[in-house]
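Biologist: Please take me closely through the pockets of this model, and then follow the chain outward from them into the elements that surround them. I would rather have one connected account than a list.

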Amino acid sequence: ADHSPTGARPEGDPDDGAADTETPAAEPEAPPAPLLELRDGLPDVVDTDAGLLEACAALAAATGPVAIDAERASGYRYSNRAYLIQLRREGAGTWLVDPIGMSTLAPLQEALEGTEWILHAATQDLPCLREVGLTPTSLFDTELAGRLLGYPRVGLATLVETVLGQRMRKEHSAADWSTRPLPESWLEYAALDVEVLLELREHMVTELERAGKAEWARQEFDHLLDFEPTVRVDAWRRTSGVHRLRGRRALGAARALWEARDEIAAERDVTPGRILPDSAIVVAATAMPTDRRALLATQGFHGRGASRYAATWVEALRRVREMDEDELPTRAPRGDGPPHPRTWAERAPVADRRFKAAREAMLNLAEVHHLPVENLLTPDYLRRLMWSPPETREPAELAQAVRAQLASYGARPWQAELVTGALVGAILGAERE
């Protein structure tokens, strides 16, 4: 629009001719990356012991590392079991193994003995693979490699597109893999998850070497071999909305309902939220109804198991009402670690200064080395060390003691080597103030 008073430019206006200048054309959008397709077609599902032996023979005769993935039924089942295992190895192609009907997967473990496994987000799959007798002796985790290399997003589809220039389908990531028979489109999705892991590993090995992080990755991958899922103490406290409850008896009610729900879910192998949502636990723990009718009339108390297991919920609440005060849970669970850092300024000012200085140093180091700060050093290790540092203040002795303390927590040698100087500086500097 022309905003001059007359609506026309006077002769000789400096802007004269601007309207005749062509606006630079917008850069054309890059075409989308090509969609990843199966190179060898969709293999049949191996669901018999005889079929497994055939798969094992092919995999054992192949060469190089093996790409492995597992599909679980998270969100549908209580268990973490593997309902499908996908494998790909150079010379053997892709195999889809249904472990549910197998008597044993021991032949597969034997066939893969001494072979490096390539997984993406290994901590998700290692427990369910171990449950069926599959355990690696060495591995390469493409997600963790992506973190060490400083990729801002490390989901498999994103890495495949960024590193290999191909697009993956992800529409069945939340499917119920306990379904039988498995639809063909699901199987194709599952097979694609291992289709390019071999190539992705090769690219990332080169990148890690170039970045000087190959040894870091080796130590991280070795550390994963002993991975065990964290056993949560007082897991009921993770109930969504439990923080809104007031009083120990309401907390006790939430705990009792959570435990009753968990027992039913385990017995039926159904994810707990499908029996009774967390929100229903919280409203029932708040209202504390005394009978079935009052319970089912409580606004917000719903779910597939609300009515079916009403007697169980009422009984759980009855027991809580009869508990002595000292049997009820407290607001804050007792932990073996330091208190939350937000309380340090008042409780332990020197520890607070140590922690803030150390945290700033960790952020700077992470930026310099292009990796997430939590991969530089586990946050809990930093809190523990800054709350209870070694006693010596002689710099060389303190550095040695810091390394030993970090190692006792589980820090890898590359991490301790990288952060010890900064942490010693934080300890000494905070205590000089």
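Modeller: In this predicted model, the second largest pocket holds about 630 Å³ of space. Of the 18 residues that line the second largest pocket, those closest to its centre are Tyr78, Arg232, Ala235, Arg238 and Trp258. By class, its lining divides into 6 nonpolar, 7 polar and 5 charged residues.

The largest pocket has a volume of about 740 Å³. Its lining consists of 23 residues, and the ones closest to the centre are Thr123, His223, Phe227, Thr378 and Arg412. Two or more lining residues come from each of helix H3 (122-131), helix H4 (142-148), helix H8 (214-224), helix H16 (373-376) and helix H17 (379-387). The lining of the largest pocket includes 9 charged residues, together with 7 polar and 7 nonpolar ones.

Among these elements, H3 offers a good route away from the largest pocket. Within H3, the residues Ala122, Asp125, Leu126, Pro127, Cys128 and Leu129 are buried, and the elements that cover the buried residues of H3 include S2, S3, S5, S6 and H8. H8 therefore appears twice in this account, since it gives two or more residues to the lining of the largest pocket and also takes part in covering the buried residues of H3, a link that rests on contact, with heavy atoms within 4.5 Å. The approach to H3 has a backbone feature of its own: Ala121, in the loop between S5 and H3, has a positive phi near 60 degrees although it is a residue other than glycine. Ala121 has a relative accessible area of 5%, so it counts as buried, the limit being under 20%. On the other side, H3 is followed by Gly133, whose phi is also positive, near 90 degrees.

The strands that help to cover H3 lead on to the sheet. An open sheet of 6 strands runs in the order S1-S4-S3-S2-S5-S6, and its pairing is mixed. Strand S1 (45-46) and strand S6 (138-141) form the edges, each of them pairing on one side only. Strand S5 (residues 116-119) runs parallel to S6, and 4 bridges join the two strands, with Leu119 standing opposite Asp141 in S6. Against this sheet packs helix H7 (residues 197-211), which touches strand S2 (63-71), strand S3 (84-90), S5 and S6, and whose direction makes about 115 degrees with that of S2. S5 is also paired with S2, in the parallel sense and over 2 bridges, and in this pairing Val66 stands opposite Trp117 in S5.

Beyond the sheet, the stretch before H7 contains helix H5 (residues 156-164), where Val163 has its place. Val163 has a relative accessible area of 16%, which is under the 20% limit, so it counts as buried. Leaving aside neighbours within four places in sequence, the contacts of Val163 are with Tyr151, Leu200, His203 and Glu207. For one of these partners, His203, the C-alpha atom is separated from that of Val163 by 7.5 Å, although the two residues are 40 apart along the chain. The loop between H5 and helix H6 (184-195) contains Pro181, and the peptide bond that joins Arg180 to Pro181 is cis, with omega near -5 degrees.

Another loop residue with a positive phi is Asp269, at about 55 degrees, and it too is not a glycine. Asp269 lies between helix H9 (248-268) and helix H10 (278-287). With a relative accessibility of 19%, Asp269 falls under the 20% limit and therefore counts as buried.

To return towards the largest pocket, H17 is one of the elements that give two or more residues to its lining, and a residue further along the chain can be followed back to that region. Gln405 sits in helix H18 (residues 395-409). Not counting residues up to four places away in sequence, Gln405 touches Arg384, Leu385, Ser388, Pro389 and Pro390. Gln405 is buried because its relative accessibility, 16%, is under the 20% limit.

Terms used:
Residues numbered from 1 in each chain as written. Predicted model: local features only at pLDDT ≥ 70, side-chain atom pairs only at ≥ 80, totals over all residues. Heavy atoms only, no water. 1 Å grid on protein atoms, 1.4 Å probe; cavity = no way out; pocket = protein on both sides within 12 Å on 5 of 7 lines; lining within 4 Å. Points joined across faces, edges and corners; volume = space filled by probe spheres on them. Nonpolar A, V, L, I, M, F, W, Y, C, P; charged D, E, K, R; others polar. Buried < 20%, exposed > 50% of the residue type's maximum accessible area, 1.4 Å probe, protein only. Pairing = 2+ DSSP bridges. Axes fitted to C-alpha atoms, helices over the stretch in contact; angles between N-to-C directions.
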